[in-house]
Amino acid sequence: MTLSPRDEARRLNPPPLQGRGRGWGVSANTIARVQGHAVAMRRNPTEPEKRLWTHLSRSQLGGFKFRRQAVIGSFIADFLCPAERLVIEIDGHTHEDADADRNRDAALAALGYRTIRFTNTDVMQNVEGVLIRLRETLQALSLRRAPHPNPSPEGEGLER
């Protein structure tokens, strides 16, 4: 199937919130490439990621749900709690680019996400300490949310 030049342009340059609200102003090709990379990373996790996932999966940590290798824009988060918009990153011993981390964290913050980082050593040698810190962070985030100050009146927008 060949696409017209107009359809090809739409495929390569989708509107900011294309398809299920996942656009973030990123092209469809970029989203597909990043999602493919995330799938590969899910299939081959590091040992610290496996260990932490055993504690985060199935809502074991305070009832909060998590995703592994979640795609956010052009980034892949090691773990994501979508309800609290918390990104968890596990950094290995080869991970030494602090400037790149700050830029990435700032970009995620602009999208409304908070990032918390742990080292491989933290997870492998002190997973209980990591879980305590995560639980405290998640509880603090969920306590900050309040109901909307101006709820819509019941039945507003319904046809009579």
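Here are three short exercises, with worked solutions, on a predicted model.

Before you start: the model is predicted, so local features need pLDDT of at least 70 and side-chain atom pairs count only at pLDDT 80 or more, while totals for chains, interfaces and linings use all residues. Residues are numbered from 1 along each chain as its sequence is written, and side-chain values use heavy atoms, leaving out hydrogens and water.

**Exercise 1.** Find where Ser59 sits, and state its phi.

*Solution.* Start with the place: Ser59 belongs to the loop between α4 (47–56) and β1 (67–72); helices (H or I, at least four residues) and strands (E, at least two) are DSSP runs, numbered from the N terminus. Next, its phi is near 55°, a positive value in a residue other than glycine.

**Exercise 2.** Decide whether Gln69 is buried or exposed.

*Solution.* Locate Gln69 in strand β1. Then recall the cut-offs: buried means under 20% relative accessible area, exposed over 50%, partly exposed in between (1.4 Å probe, protein chains only). With a relative accessible area of 2%, Gln69 is buried. Its phi is positive too, near 45°.

**Exercise 3.** Work out which element gives the largest share of the largest nonpolar core.

*Solution.* A nonpolar core is a set of buried Ala, Val, Leu, Ile, Met, Phe, Trp, Tyr and Cys residues joined through side-chain atoms within 4.5 Å. The largest one has 19 residues, and Phe66 is among those touching the most other members. Two or more residues each come from α4, β2 (75–81), β3 (86–91), β4 (114–119) and α7 (127–144). The largest share, six residues, is from α7.
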